[in-house]
Each structure stands twice: as structure tokens, then as C-alpha cells.
Amino acid sequence: MAASPDSVVELAEGLRSVGYLAGESTALVSFLAIKLGKPVLVEGPAGVGKTELAKALSRHLGRSLVRLQCYEGLDEAKALYEWNYRKQLLRIQTEASGAGWEAVQDDIFSEDFLLARPLMTAIASPEPVVLLIDEVDKTDQEFEAMLLELLSEFQISIPELGRIEARTQPVVLLTSNNTRELTEALKRRCLYLWLDYPQLEHELEIVRLHSPELSETVARKLVDVIHMVRELDLKKPPSIAESIDWARALLLLGAEDIDAETFRQTMSIIVKHRADLDVVAERVGLRLGGPAEPMGVSST
Ligand SMILES: Nc1ncnc2c1ncn2[C@@H]1O[C@H](COP(=O)(O)OP(=O)(O)OP(=O)(O)O)[C@@H](O)[C@H]1O
Ligand SMILES: [Mg+2]
């Protein structure tokens, strides 16, 4: 656990110690984000470690992780704060006979009656946190505009209460799968990190970190095959997540090699589209020594 790293190498080692193998640019951009206090926009295909990077940073820096999962229609009430109407109502009812309206009003619009949502939690936290705004591309542009204000000022204005300013600087990560182009304004305020499928050796290291019991030979072959599969023109190429799952499965099955038969039995762990299964069975199956009919798919 480290409050703030002194170098890129130190950060990379710290992340490794909590189970995340950062590539060169990942370590560099994360380091700069911590030092410059700038948010990072992390883009890339599914399953390459975007979300995990935020989790790993929180583990390594010893900060709690505040996560805002974005979705279509996400609004300020779910992202920032909401008044606790029930509690306010109860308060009004119990006060009904006694105190005047002024006093009650002051009371029910105080922090006690506020429900803090992730963005506000991160801003108001007395301890610095890691704020993960996950899959920001799922929200609409209005929401993005609200985020912009927050990310540049690190404060939230509540009409009835006034301004809440960040007491500590959060490390902010925004992730996107690129389902829509984010605005230039948002990008300008962020450092940018493109995470792609890793190089062979890097992926081998990640797989071995997650499944250290898997033999070196099988792990290497697994990564070779995954890279071979990624070369094909598939709907959904396997990601690091699939490599890790496959390694675990092979370990459970006690596989000592990835031959055509083993591949046939387990390929649905890495390929998850009917059309892709056919392509992969034919192309990769052949290379492993014999056409592989994927399990659970019968040709008629
Ligand atoms: N560099 C890495 N070191 C260690 N584990 C990794 C690394 N990259 C990815 N992983 C592992 O891969 C899996 C998928 O990562 P993650 O969920 O972060 O992907 P993602 O990019 O957020 O995907 P999605 O876009 O689908 O949300 C996780 O189990 C994570 O632990
Ligand atoms: Mg994710």
C-alpha cells in the first residue's frame, strides 16, 4: 500500500503486487493521473482490464473505490445526490403541530436528509478515494456535460444547501467501450489511455499470475491459440477475461496439453458466438491436428 508513488516503475510494481500487470503506457498514464490530479479516460475493447485497473489502483493506493456504473437514462439523482423524501416527510409530520415552517424547512434540507450517490460520495469523502465512472459511453450527452463540470471544478452545487467542495483529490478513471464517440470537451479534460489486447508475453504473464498452477507449456500454448483466434475475423474476439477463464477450466480438467480434442471440448469458453464457433473450429481445430466440431453444436 502506498499513498503516492514516486515513480512510474514504483507504481507498476505496486500494481503488480496487487495482481495487476500494467503495460508501459498504463503505468505511465496512471502515474501522471495521480500526480497531476487529472482524470483518465480508459478506452478499449471488452475484457482488457479497464475496470480492473481502477480496482487495482484502489487496492494499491489503499483508497476506497467509489464506483458509478453508467447506463442509459442515468440521471443526477442516481449519480450525484437525492433528497430523502420519506425521511423529510416523516420529519414534517412529527413537527406538524409544533415548530414553524421556517425551522422545519431549514431542517429538512440539511445534510441529514441527503442521500449521497457515488459522485457526491467521492467528492465529500474526507479520505481520498478512487472514483470509477464505468462505461461512460452508455450515458447521454447531457449527463456528460454535468460530469464535465464536476471533473473540472471538483465541486457540486446543491441549491438548498450551497456548494460542496472536494476536501481531497480523488483519482478518477472513466472507462468506455467506444459505443459512442465522447465529446471533445470531455476528452480535453482527461488523460487518455487506450488499452488493447496485450502482447503475447504480457498476456502469458497475466494468465500465469491468475493461474500459477498451470504448467508453463499449457499456458504458453493457450496464449498462442488465443492470439491465433484473435487474428480471425470474429464477431467477438476473446479477451484477457476469456484467457483467464480458459486457463482455470484447463486446470480444473487436468489438461496437460491443448490438443484438438481438448480444444473441441473447451472452445466455447473463449468463443461465444455461434458463427464464430464454426470459424474457429475449422481454422484453429485444423492447426491443432484435426477439424474440431465444437461441443454442444451439431451440424445438420
Ligand atoms: N493487466 C492485467 N493484469 C491482471 N489481470 C488483468 C489485466 N487485465 C485484465 N485482467 C483481468 O481480466 C478480466 C477482465 O478485466 P476487466 O473486467 O477490467 O475488463 P474491462 O476492460 O473492464 O471489460 P468490459 O469493457 O467488458 O467492462 C479481469 O478478471 C481482470 O482481472
Ligand atoms: Mg469493465
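How many bridges join strand β1 (residues 40–43) to β9, and do the two run parallel or antiparallel? In this predicted model, β1 and β9 are joined by four bridges and run parallel.

**Strands β1 and β9**

One position of this pairing can be named: V40 stands opposite L191 in β9. Strand β9 comprises residues 191–194, and its two faces differ in cover. L191 and L193 make up the covered face, whereas Y192 and W194 belong to the uncovered one. The residue opposite V40, L191, is therefore on the covered face of β9, given that buried means under 20% relative accessible area and exposed over 50%.

**The site of ligand 1**

Ligand 1 sits in the largest pocket. Its surroundings consist of 17 residues, of which L21, G47, K50, T51 and E52 are the closest. Three helices each supply at least two residues of this shell, namely α3 (50–61), α10 (200–210) and α12 (240–253).

Polar contacts to oxygen atoms of ligand 1 are made by backbone as well as by side-chain atoms, as the following table sets out.

| Residue | Atom of the residue | Distance to an oxygen atom of ligand 1 |
|---|---|---|
| G49 | backbone N or O | 3.1 Å |
| K50 | polar side-chain atom | 2.8 Å |
| N177 | side-chain N or O | 3.0 Å |

On its own, ligand 1 has 630 Å² of accessible area, and the protein covers 81% of it. K50 thus appears in two respects: it is one of the closest residues to ligand 1, and a polar atom of its side chain lies 2.8 Å from a ligand oxygen.

**Two helical residues**

Is T266, in helix α13 (residues 260–266), buried or exposed? T266 counts as buried because its relative accessible area is 2%, which is under the 20% limit. A polar atom of the T266 side chain lies 2.7 Å from the backbone oxygen of T262.

S152 has its place in helix α8 (residues 141–153). With a relative accessible area of 41%, S152 is partly exposed, because this value falls between the limits of 20% and 50%. In sequence, S152 and K38 are 114 residues apart. In space, the C-alpha atoms of S152 and K38 are 8.9 Å apart.

Terms used
Residues are numbered from 1 along each chain as its sequence is written. Chains are lettered from A and ligands numbered from 1 in the order in which they are written. This is a predicted model: local features need pLDDT of at least 70, side-chain atom pairs count only at pLDDT 80 or more; totals for chains, interfaces and linings use all residues. Side-chain values use heavy atoms; hydrogens and water are left out. Buried means under 20% relative accessible area, exposed over 50%, partly exposed in between (1.4 Å probe, protein chains only). Two strands pair if DSSP finds at least two bridges between them. A residue is near a molecule or strand if one of its heavy atoms lies within 4 Å of it. A polar contact is a pair of N or O atoms within 3.5 Å; within protein, one must be able to donate a hydrogen and the other to accept it, and residues adjacent in sequence count only if both atoms are side-chain atoms. Accessible areas come from the Shrake-Rupley method with a 1.4 Å probe; for residues, only the protein chains shown count as cover. On a 1 Å grid over the protein atoms alone, a cavity is a set of points where a 1.4 Å probe fits but cannot get out, and a pocket is an open set with protein on both sides within 12 Å along at least five of seven lines; lining residues have an atom within 4 Å of a point. A molecule sits in a cavity or pocket if more than half of its atoms lie within 2 Å of its grid points.
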